[in-house]
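Trainee: I am new to this structure and would like a close look at a single part of it, with every term explained as it comes up. Please choose one region and take me through it slowly.

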Amino acid sequence: MSERASLSLAATASQNSMKWVMRKEKSKWLSLFAADACIEDPVGISPLDETGEGHKGKEAIEKFWDNNIAPNEFVFNIIESISPQGSWEVCNIGQIITRIPMVRATSVTNGVFIYKVNKEGRISSLRAFYDFKTMMYSSVPFPKL
């Protein structure tokens, strides 16, 4: 496969991941991942990943969807995407706006989001670099109607 094709696979996978999250298309989103994929969202220890080792494998990734994506609404604002020549990765820099009905709040997460794909174009690694505490402390409550 050419270097140009590898760039397209990583960028396409990241764009599809964001699209399926926003459209709440669980099965399409899950189909983007390799069987041995790992999601670190965020990287490190947080209430979303108490060990800091990530969500590994299809079963853990599906549970991640059910617990963290399904109950919330997302809008992605990617400011810049960088995919080094010859790499199977793309680095997206931007924001995720999350509406969290459970706590009646909206958060804005500034971060760096790195997707790595395998040769079949399946996501093998998704790493989200942001500070969970900062994201939660900056959340704004829903307006009272």
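Mentor: Helices (H or I, at least four residues) and strands (E, at least two) are DSSP runs numbered from the N terminus, and two strands pair if DSSP finds at least two bridges between them. This is a predicted model, in which local features need pLDDT of at least 70 and side-chain atom pairs count only at pLDDT 80 or more, while totals for chains, interfaces and linings use all residues. Residues are numbered from 1 along each chain as its sequence is written, and side-chain values use heavy atoms, leaving out hydrogens and water.

Let us look at strand E6, which covers 123–129. With E5, strand E6 pairs in the antiparallel sense over 6 bridges, and within this pairing isoleucine 114 has arginine 127 of E6 as its bridge partner. The hairpin of E5 and E6 has 5 residues between the strands, and there glycine 121 takes a positive phi near 85°. With E1, by contrast, E6 pairs in the parallel sense, over 4 bridges, and cysteine 38 has serine 125 of E6 as its bridge partner.

Arginine 127 also takes part in a salt bridge (a side-chain nitrogen of Lys or Arg within 4 Å of a carboxyl oxygen of Asp or Glu), since its side chain meets that of glutamate 40 at 2.8 Å, N to O. This pair links distant parts of the chain, with glutamate 40 in strand E1 and arginine 127 in strand E6, 87 residues apart. Buried means under 20% relative accessible area, exposed over 50% and partly exposed in between, using a 1.4 Å probe and protein chains only; glutamate 40, at 14%, is therefore buried, whereas arginine 127, at 29%, is partly exposed.

Strand E6 also gives two or more residues to the largest nonpolar core, a nonpolar core being a set of buried Ala, Val, Leu, Ile, Met, Phe, Trp, Tyr and Cys residues joined through side-chain atoms within 4.5 Å. This core has 28 residues, and those with the most contacts inside it include Tyr115 and Ile123; its largest share, 5 residues, comes from H1. Leaving aside neighbours within four places in sequence, tyrosine 115 is in contact with several residues, among them Ile123, Ser125 and Leu126, as well as Ser14, Ser17 and Met18, where contact means heavy atoms within 4.5 Å.
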